[in-house]
Amino acid sequence: MSVQFESSQKKGPIVGIDLGTTNSLVAIVENGVPRVLRSKEGQSLIPSVVSFADQNHPLVGSEAKRNKVKDAQHTVFSAKRLLGRGFEDLKPILSSLPYALIEDSAAGLVKVQVGEGSYSAVEISALILREVKKRAEEALNCPVAQAVITVPAYFNDAQRQATRTAGRLAGLDVLRIVNEPTAASLAYGLDKKRQGLIAVYDLGGGTFDVSILKLQDGIFEVLATQGDTQLGGDDLDQALASVAAVEISKVFGIDIYSDVQLHASLLEAAESVKIALSTQAEAVLQLKLGDQVYSRAWTQSEFEALVRPILDRTEEPCLRALQDAGLKPSELSDVVLVGGPSRLKIVQDTARKIFGKEPNASVHPDEVVAEGAAIQADILAGNNRDLLLLDVVPLSLGLETYGGLMSTLIHRNTRIPTVAREVYTTFVENQTAVDIHVLQGERERIEENRSLARFKLGGIQPAPAGIPRVEVTFLIDADGILQVAAKDLRTGQEQSVEVRPTHGLTDSEVEKMLINSLENVEADEAYKKLVEARNKGEPVVRAVEKSWEQAQALLPPEECQEVQNKLEALRTALKGEAVAAIYDATSDLNRVTVRLAELLIQDSLKEMR
Ligand code: AMP
């Protein structure tokens, strides 16, 4: 038994998490078979939505999703699109988000403004991951502290670091970050015991990834990866919504984008139409505008014409990935589609057109990524020894050199982990420090690439110019994350290098957030139970209030009085915070209204006759 296995046994199971733009899932391998963990109600998807209706007690998942339209100002979704990104990067999508983004320039971070508070994408993702952790603990009935988390293959270093920090804030030891298409191929390949060259075309809610893999004797070798971290199913909703916005402005004179609530309702209506069109030839987009209604029918072919240009944007990354892998489409043995939108015929058609091959759509495109993450978790636990994953770095890594140009140290699609070294010297007599600027991207000019980190390499012993020799080692670990080490070659002394990622958080900031979040865990749990209890009680109050006139006509006065007493008791309980009292009062009111419900049904049947 390996050491890793022993320690993982002690620390409990390692779960696989798909932290999605729209939904998140968690899975585990049991007896060699991956299984997505479900709620008591059988739900596998945890909406990646956080509601700050009460700032001290955020709600996450299905409960938060209910507030997405009702309380759009305080509800954050698609936070993954913001992870590890700067304000400038996000300008193009600002107008499409119903919530406001602000720049916290001191921390170099973008934050979501919700009421009085503001939250970074890392904090929001941490809240989602905490909910995911809880789902796993409830389903497995034991503590869960270790996880493998997936990210889009095309995520850069800052985005990967942000994901890892979010995991840490959620109380998870993130053992590995795995690329989503690679995870999907693990789940897919394991199933079918496939061999050959496969393309994974992964269109999620907010990101598009394509990876080319070679599968042979249990070895999953990624040959190339490409993508677009700002392209996904959300864009199809936005396209439908913009048509509606123009028509609504013309016909009703209403500017949808200036009303957060309406904007959120429109996006939701657009998503429903898109989803309906994956199984129906026609669907109607309807939106209530006060006492008027905007209504517009969409046929599948009209929808396809609208979104084709968006989906065509997936072609270039696919062709580049094939080129990087040195392959022609005809050499592929399989094309695998992953992600919710792959249920759409137009997405399948686009993939078929690009690769010239009939694509395979998974039965559960939402679940394969989490299942793959669970398989990777199982490998890390020391099981599944006949599988090996060899992934690559998605973007080149380099340094700023003279004249504002980037000199590449590690080329994209290099297998990870990998290492590169550079020796620095000084230009000035007795210079004791050198500034180093690390960049990621494929362009020549530094401003066209992503600035990953800047740091000062200090502690160089004073000497004439050109004499000191400091070797800097850039290590890209198995998560695709950069680590930097430095050594003075003259003295042999190691130097510590503190790299603060651009748009990232320092370790001490993370620690502070960690303490805050741990302090809030209990309070949040208690509040969530209270919300659940209120969600049970409030509909019962509303139902009785609605039929109160009929109740007075149908029930004898003493029974009527009893219903009124219990109704009042539940109203009072709902104003308080005692969870048990709310449940008791709800079941009391339910009990005394059983006969009323029967009479109401009989009454309505009479009317129908
Ligand atoms: P994922 O990140 O894989 O969960 O994908 C989320 C995206 O899939 C969202 O944009 C959803 O609206 C979209 N989606 C989910 N189900 C369907 C469907 N049946 N047809 C089209 N899009 C879907």
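At what angle do H7 and helix H9 pack, and how far apart are their axes? That's where I'd start with this predicted model; my notes follow.

1. H7 against H9. The angle between H7 and helix H9 (residues 300-312) is about 130°, and their axes are 10 Å apart. Angles of 65 to 115 degrees count as roughly perpendicular and those over 145 as roughly antiparallel, so H7 and H9 are described as oblique to each other. Their crossing is right-handed.

2. Who touches whom there. H7 brings Asp-235, Leu-236, Ala-239, Leu-240 and Val-243 to this contact, and H9 answers with Phe-303, Leu-306, Val-307, Ile-310 and Leu-311. Sorted by class, the contact of H7 with H9 comes out as nine nonpolar residues, one charged and no polar ones.

3. H7 against H8. Now take helix H7 (residues 233-252) with helix H8 (residues 260-276): the axes come within 8 Å and cross at roughly 115°. That crossing angle is why H7 counts as roughly perpendicular to H8. H7 passes H8 in a right-handed crossing.

4. The residues in that second contact. On the H7 side you'll find Gly-233, Asp-234, Leu-236, Asp-237, Gln-238, Leu-240, Ala-241, Ala-244 and Ala-245; on the H8 side, Leu-266, Leu-267, Ala-270, Glu-271, Val-273 and Lys-274. The split for H7 with H8 is nine nonpolar, two polar and four charged. Leu-236 and Leu-240 of H7 are worth clicking on, since they are listed in the contact with H8 and also in the one with H9.

5. The ligand. Have a look at its surroundings: 14 residues, with Glu-271, Lys-274, Ser-278, Gly-340 and Pro-341 the closest. Glu-271 and Lys-274 are also among the H8 residues that contact H7. The side chain of Glu-271 has an N or O atom 2.5 Å from an oxygen atom of the ligand. From the backbone, an N or O atom of Gly-340 sits 2.9 Å from a ligand oxygen, and a polar backbone atom of Pro-341 is 3.5 Å from an oxygen atom of the ligand.

6. The loop between E22 and E23. Most peptide bonds are trans, and most residues other than glycine have a negative phi. This loop, between strand E22 (405-410) and strand E23 (418-424), holds Pro-417, which is joined to Ile-416 by a cis peptide bond with omega of about -5°. Asn-413 is found in the loop between E22 and E23 too, and its phi is positive, near 65°. Check both spots when you open the model.

How values were computed: Residues are numbered from 1 along each chain as its sequence is written. This is a predicted model: local features need pLDDT of at least 70, side-chain atom pairs count only at pLDDT 80 or more; totals for chains, interfaces and linings use all residues. Side-chain values use heavy atoms; hydrogens and water are left out. Axes are lines fitted to C-alpha atoms, for helices over the stretch in contact, and angles run from 0 to 180 degrees between N-to-C directions. Helices (H or I, at least four residues) and strands (E, at least two) are DSSP runs, numbered from the N terminus. Angles under 35 degrees count as roughly parallel, over 145 as roughly antiparallel, 65 to 115 as roughly perpendicular and the rest as oblique. A crossing is left-handed if the near helix is turned anticlockwise from the far one by less than a right angle, and right-handed if clockwise. Contact means heavy atoms within 4.5 Å. Ala, Val, Leu, Ile, Met, Phe, Trp, Tyr, Cys and Pro count as nonpolar, Asp, Glu, Lys and Arg as charged, and the others, Gly among them, as polar. A residue is near a molecule or strand if one of its heavy atoms lies within 4 Å of it. A polar contact is a pair of N or O atoms within 3.5 Å; within protein, one must be able to donate a hydrogen and the other to accept it, and residues adjacent in sequence count only if both atoms are side-chain atoms.
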